[in-house]
Amino acid sequence: MLPKRVTEDALHIALAQWLRYQPLAGLWWHTPNTHSSVQHAVKLKRMGMLPGVLDFQFLHPENRLAFIELKRRGGVLNPSQKIFVNWLTENAIPFVVIRTDSVDEMCRSAATFLSANGFIR
């Protein structure tokens with residue numbers, strides 16, 4: 001029997017655990033952009049939730065931002081995420097979409113991206 005593919009939630013948890021042990025410059029956080037019901041979605045929208053925001057945000061002490069979006073292999077951005085990514089691109093804000101079913105590959109990709117953008121010391 002083949003092992004189950006890792007879920008996107010499991011990738012998020014694994015990246016958060018990995019980030020906690022990295023010598024990062026600045027702060028990072030995860031923004032859950034999901035809802036459990038229509039009522040919850042309405043409440044989040046009223047509270048200012050921005051659809052399409054990528055999964056992980058990084059704030060550098062030198063006033064720089066970066067974003068990481070995690071998708072399982074073959075995963076695609078939804079329309080709101082495409083709008084957000086276009087805005088990031090237009091404003092030269094670095095981001096990466098990591099598509100993988102491997103925690104090791106995800107961590108390597110995140111390390112490469114964060115190092116290239118000055119977020120790992």
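Which residue in S4 is the bridge partner of Phe67? The bridge partner is Phe95. The model described here is predicted, and this report starts from the whole chain before coming back to Phe67.

## Overall layout

The protein chain contains 4 helices and 4 strands. Read along the sequence, these elements follow the pattern α-β-α-β-β-α-β-α.

The protein chain has 121 residues, and for that number a compact globule would have a radius of gyration near 14 Å. The value for this chain is 15 Å, which agrees. The C-alpha trace spans about 50 × 40 × 25 Å along its principal axes. Of the contacts in the chain with a separation of 6 or more, 67% are between residues 24 or more positions apart.

## Surface and interior

The protein chain exposes about 7,800 Å², and carbon and sulfur atoms supply 58% of that area. Buried residues make up 36% of the 121 residues.

In soluble globular proteins, nonpolar side chains tend to be buried together. In this model, the largest nonpolar core has 21 residues, and Leu15, Ile68 and Leu114 have the most contacts inside it. The elements that give two or more residues to this core are helix H1 (8-19), S2, S3 and helix H4 (103-116). H1 gives the most, with 6 residues.

Leu114 shows how parts of the chain that lie apart in sequence come into contact. Leaving aside neighbours within four places in sequence, Leu114 is in contact with Trp18, Leu19, Leu24, Phe58, Ile68, Phe119 and Ile120. A second, separate core has 9 residues, and Val53, Phe67, Leu77 and Val97 are among them.

## Strand S3 and its partners

Strand S3 covers residues 64-71. It is paired with S2 in the antiparallel sense over 5 bridges. S3 is also joined to strand S4 (residues 95-99) by 5 bridges, and S3 and S4 run parallel. Single residues show both pairings: His60 stands opposite Arg64 in S3, and Leu70 stands opposite Ile98 in S4.

Is S3 mostly enclosed or open? 6 of its 8 residues are buried, so S3 is largely enclosed by the rest of the structure. In a regular strand the side chains alternate between the two faces of the sheet. Two neighbours in sequence belong to separate cores: Ile68 is in the largest core, while Phe67 is in the second one.

## The connections on either side

S2 and S3 form a hairpin with 3 residues between them. One residue in the turn is Asn63, where phi is near 60°, a positive value in a residue other than glycine. Asn63 is exposed, with a relative accessible area of 71%.

The connection from S3 to S4 includes a helix. S3, helix H3 (residues 79-90) and S4 make a right-handed β-α-β unit. Ala92 is in the loop between H3 and S4. Like Asn63, Ala92 is not a glycine but has a positive phi, here about 55°. Ala92 is exposed as well, with a relative accessible area of 68%.

## Phe67 in its surroundings

Phe67 lies in strand S3. Is Phe67 buried or exposed? The cut-off for buried is under 20% relative accessible area, and Phe67 has 7%, so it counts as buried.

Which residues is Phe67 in contact with, leaving aside its neighbours within four places in sequence? They are Leu54, Phe56, Gln57, Phe58, Phe84, Leu88, Ile93, Pro94, Phe95, Val96 and Phe113. Phe95 in this list is also the bridge partner of Phe67 in S4. The C-alpha atoms of Phe67 and Val85 are separated by 9.5 Å, with the two residues 18 apart along the chain.

Key. Residues are numbered from 1 along each chain as its sequence is written. This is a predicted model: local features need pLDDT of at least 70, side-chain atom pairs count only at pLDDT 80 or more; totals for chains, interfaces and linings use all residues. Side-chain values use heavy atoms; hydrogens and water are left out. Two strands pair if DSSP finds at least two bridges between them. A crossover is right-handed if, with the strands pointing away from the viewer, the path from the first strand over the helix to the second runs clockwise. Buried means under 20% relative accessible area, exposed over 50%, partly exposed in between (1.4 Å probe, protein chains only). The radius of gyration is taken over C-alpha atoms; the globule rule is 2.2 Å times the number of residues to the power 0.38. Contact means heavy atoms within 4.5 Å. Accessible areas come from the Shrake-Rupley method with a 1.4 Å probe; for residues, only the protein chains shown count as cover. A nonpolar core is a set of buried Ala, Val, Leu, Ile, Met, Phe, Trp, Tyr and Cys residues joined through side-chain atoms within 4.5 Å.
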